[in-house]
2 protein chains.
Amino acid sequence: MKEKELSSEEFFAEKYRESNIAEFFRRNMHMLGYSGPVRSMTTIIHEFVTNGLDACEEVGVMPKIIVEVRQLGDRDYVIGVEDNGLGIPESYIPRLLGTMLAGTKFHRYIQSRGQQGIGAVGAIMYSHITTGVPIKIITSTGKGKITTAVMDIDIKKNKPHIFEMTSVKGKWQGTKIVARFKDIVYQKGEQGVYEYIRRTATANPHATITLLEPDGNVVKFKNSVNKLPSRPKEMLPHPRGVSADDVRLFALASEQRKLSTFLEKSFSRISAQKVKEIAKRAKYVDFSMDPKELTHQQAEAIVRAFKDVRFIAPSTNGLVPIGEETIEKSLKEILKPDFYSVVTRSPAIYRGGIPFQIEVGLAYEGQAGRSKGKDTSSEVMRFANRVPLVFDAGGCAITQAINSIEWRRYHIGDFDNAPITVTVNIISSHIPYTSAGKQAISGEDEIMNELRFALMDAGRKLKSHLSGVRRDKLRDERRAIFEKYIPEVAESLSKLSGSATKKEIIKHLEKFVKSRARAKEDKDDKID
Amino acid sequence: MKEKELSSEEFFAEKYRESNIAEFFRRNMHMLGYSGPVRSMTTIIHEFVTNGLDACEEVGVMPKIIVEVRQLGDRDYVIGVEDNGLGIPESYIPRLLGTMLAGTKFHRYIQSRGQQGIGAVGAIMYSHITTGVPIKIITSTGKGKITTAVMDIDIKKNKPHIFEMTSVKGKWQGTKIVARFKDIVYQKGEQGVYEYIRRTATANPHATITLLEPDGNVVKFKNSVNKLPSRPKEMLPHPRGVSADDVRLFALASEQRKLSTFLEKSFSRISAQKVKEIAKRAKYVDFSMDPKELTHQQAEAIVRAFKDVRFIAPSTNGLVPIGEETIEKSLKEILKPDFYSVVTRSPAIYRGGIPFQIEVGLAYEGQAGRSKGKDTSSEVMRFANRVPLVFDAGGCAITQAINSIEWRRYHIGDFDNAPITVTVNIISSHIPYTSAGKQAISGEDEIMNELRFALMDAGRKLKSHLSGVRRDKLRDERRAIFEKYIPEVAESLSKLSGSATKKEIIKHLEKFVKSRARAKEDKDDKID
């Protein structure tokens with residue numbers, strides 16, 4: 001039964017075939033988060049809701065998102081997600097929703113939730129694969145015309161297939177997507193839609209999100225903040241962290257005709273003065289040259305010079321954290337902890353010159369942690385640009401950073417079983433997800449460092465709280481022992497002395513005991 | 001400083017840009033395994049070596065792979081990987097190495113190491129990004145002409161850029177790729193190149209791999225097996241596990257003009273008789289229809305019918321496991337364990353009708369486990385189609401399956417610190433990696449089940465070994481106590497009886513004690 005050996009030429013003639021990114025993900029839907037019916041359900045909601053929130057942010061309105069999950073049969077649902085955002089112009093609908101990597105946000109240096117141009121098309125592909133039913137998009141850019149499109153994706157071509165596109169007059173702005181899916185399940189629980197939406201609302205207190213559950217239940221997460229968070233600015237890359245190839249890539253995209261002005265215009269924190277400093281260090285590069293002619297070696301010389309020049313830290317108006325106040329407020333409201341601490345680090349840079357920032361919130365006791373019957377275990381809530389990450393915890397830098405902390409140092413002996421909730425939000429114009437499914441963050445060195453610093457900082461605050469608690473407890477115990485014997489001792493003393501009353505002696509002794517207890521504490525602190 | 005709000009139309013006109021898969025991965029190189037200098041180094045070797053082994057397998061020769069790592073400066077290396085495989089015809093060189101998703105293997109149902117058409121191009125992209133130096137390919141299909149190409153990839157177009165392509169006469173077959181990389185580091189250690197190659201050699205004992213290390217050291221892993229493993233056959237999808245959309249996709253690709261013959265020709269285990277059974281269950285589908293006209297609803301009816309019909313399990317000649325004998329041999333040679341067990345499961349199916357198979361090897365004590373100074377901890381070696389997986393352990397189904405086992409049941413109280421090595425190999429015509437970096441396997445239900453079954457099976461064997469060890473220990477103790485008193489008792493007895501010598505009495509008593517001890521054991525066994 002030996003198979004005929006093919007020659008190399010025959011082999012390629014027979015087996016060679018190019019494919020496209022939609023086909024690639026069609027075979028690897030799990031890479032986009034479509035593995036298992038519960039996860040697939042949450043992934044769909046996640047893709048449409050993040051797009052909705054981004055669309056609102058782009059147009060500067062308070063987001064009102066309506067999520068409807070209607071069940072048609074076993075593992076058979078219709079999902080609708082509506083936003084009051086930007087709206088999609090008619091001519092862009094097909095490409096935007098029917099072609100992978102035709103996103104608008106992919107190449108921009110701006111903090112947004114979606115960033116790949118893959119997510120929504122992936123969800124539409126999953127609808128196509130599981131039901132074959134086209135999706136429906138209703139959208140308007142607010143100019144008096146509402147467009148409805150019925151469309152599908154041709155996976156083999158990575159191209160949209162439009163069945164119908166009609167317009168009516170009407171005053172509304174926003175987008176609604178309705179699609180049918182099979183092989184998904186609506187389920188409560190930590191990785192289900194309800195919890196996903198709840199966490200989204202927590203991290204986006206300016207948004208109102210209404211969830212229509214399949215059982216007819218309507219849950220409204222009303223905005224608890226009446227102001228839009230400040231708008232993240234589109235940023236230029238910071239010279240720190242860019243590679244030689246990044247510089248060449250930016251140079252090719254630049255309209256400047258001189259290297260010096262290109263550097264000024266294409267990077268943040270590079271002034272004419274800084275260009276001079278760079279030029280002094282990259283002596284063999286002619287700074288009046290056409291940036292498009294830049295060789296890799298010249299770009300390397302510039303990057304080397306970048307490393308020796310001092311630049312101002314990346315701008316803070318490019319990154320918009322949730323903010324200490326808001327995080328504190330939600331920790332207090334939701335977890336009613338005995339203690340909490342919030343740490344917001346300054347923006348930092350990882351490779352590619354991409355700025356990012358870490359926020360950590362830590363809540364202890366009260367309703368913090370996860371309760372399983374009588375036991376409590378620690379809880380970690382991960383966010384990226386205010387989007388909850390509920391899957392792939394094991395492969396995520398946030399989890400890895402938390403596990404790398406010696407919590408014992410902060411008086412948490414057994415972190416896994418402590419009544420503690422740790423929330424971590426990473427903000428960036430480009431979050432380095434480990435895969436297109438966007439559920440775990442890659443452990444870039446700079447990100448790991450910042451995560452650890454923030455966690456340790458929050459840990460230190462917890463420690464001084466716990467030291468206080470421990471101190472109080474010790475003092476109380478010590479005092480209780482002394483105090484137990486005070487009346488007896490006092491009675492003997494009063495009998496012996498005769499002059500002072502028993503009551504006076506007790507009072508004196510108590511005072512003495514209290515002052516001694518305090519002196520002992522000060523000593524303990526020094527050892528601590 | 002309020003930014004001007006853009007209308008939706010202006011927004012799209014300004015911000016909209018399509019991109020391609022090479023650009024996508026250019027911004028997300030970490031998704032391909034390029035994060036950190038050690039990992040990046042191993043990833044490059046991994047991509048070229050797996051391609052080399054596949055090329056040898058395609059042509060049916062014993063693989064001879066030469067890996068050369070030469071250091072030019074700090075984090076600056078030249079890497080060369082040579083195989084004696086298929087060779088690439090001249091006209092295919094540019095596309096195959098200069099275009100992402102132009103792989104040959106992507107769409108085939110065959111067990112191979114590479115499968116995405118992304119890996120090697122990704123490595124070439126990393127060379128381009130970090131050095132800007134084009135790569136060199138020397139290749140020959142064995143027809144007397146050796147071609148050398150100097151080329152690069154144009155990431156913006158996802159197209160090759162050929163600088164030079166020349167041919168000379170010469171008798172040789174194979175491919176050699178030489179490329180320069182920066183931002184990588186050669187380092188020993190569990191995730192370094194040496195260990196990666198060592199594990200590759202272990203799982204591919206028919207291959208000879210020579211590693212030229214940067215310090216001039218030459219390591220040769222000679223083949224320990226003189227026979228090629230049987231060649232995996234290209235398989236048709238199994239009807240179990242395919243979705244309606246899979247059926248439509250296959251139907252569109254089929255040349256058959258009738259649904260019935262399409263089903264016979266495009267699936268494994270579907271005979272004319274089975275088609276009749278299917279047709280009986282999918283009553284409203286006309287089995288003489290053109291398969292290209294199949295609707296999603298009709299395809300669903302066929303898939304429903306698939307579920308009710310009994311099919312023979314997937315063919316075993318499509319999947320080629322390492323084999324119990326070979327795994328046993330390497331466990332014994334390398335780890336010299338006190339005990340080992342090897343389990344090979346039968347092939348099973350996961351979604352898409354894709355067959356897969358699990359092999360587990362388990363070694364206990366001897367040199368099993370990982371030693372850290374005086375302490376030992378457990379060690380897990382993961383493989384996929386004989387390729388070692390050394391990163392992303394946390395997110396991998398194999399690790400998750402191992403962690404989900406209650407090892408206590410198998411007499412391993414503390415798995416993490418046990419002197420145990422677990423090797424797991426998953427074989428499939430399409431391994432569901434969690435990301436394009438191919439280092440972790442997605443936790444598909446069917447795969448998790450098979451992993452757990454295999455591990456529990458190996459665990460049971462270990463348990464009976466450990467029970468035996470425990471039993472032996474107890475028996476020895478018991479016997480020692482009895483035997484301690486035998487001479488004394490014997491002496492008294494001999495005095496009393498007078499007739500027998502002391503020596504005879506001891507012999508009798510010892511015999512008695514041994515038989516009693518054995519009886520006691522049998523009883524213990526029943527309780528165990």
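**Two copies in contact, and a pair of hairpins**

In this predicted model, the contact between the two chains draws 56 residues from chain A and 55 residues from chain B. On the side of chain A that touches chain B, five helices each supply at least two residues: helix H1 (8-15), helix H2 (21-27), helix H3 (37-59), helix H5 (119-131) and helix H7 (244-253). H1(A) gives the most to this side, with 5 residues. Sorted by class, the side of chain A that touches chain B comprises 24 polar, 18 nonpolar and 14 charged residues.

The arrangement of the copies can be described just as simply. Chain A superposes on chain B, with an RMSD of 0.3 Å, after a rotation of 180° and a shift of 0.1 Å along the rotation axis. The two copies are therefore related as by a two-fold rotation axis. The same surface serves both copies, as 98% of the contact residues of chain A recur in chain B.

Turning to the strands of chain B, strand E3 (residues 135-141) and strand E4 (residues 145-154) run antiparallel and are joined by 5 bridges. Here Lys136(B) faces Val150(B) of E4(B) as its opposite residue. The hairpin of E3(B) and E4(B) has 3 residues between the strands, and in it Gly142(B) adopts a positive phi near 85°.

E4(B) also runs antiparallel to strand E5 (residues 159-169) of chain B, with 10 bridges joining the two. Lys145(B) has Lys169(B) in E5(B) as its bridge partner. This second pairing, of E4(B) with E5(B), is likewise a hairpin, with 4 residues between the strands, and Asn158(B) in the turn has a positive phi of about 55°.

Note on methods:
Residues numbered from 1 in each chain as written. Chains lettered and ligands numbered in written order. Predicted model: local features only at pLDDT ≥ 70, side-chain atom pairs only at ≥ 80, totals over all residues. Least-squares fit on C-alpha atoms with pLDDT ≥ 70 in both. Contact = placed C-beta atoms within 7 Å. Nonpolar A, V, L, I, M, F, W, Y, C, P; charged D, E, K, R; others polar. Pairing = 2+ DSSP bridges.
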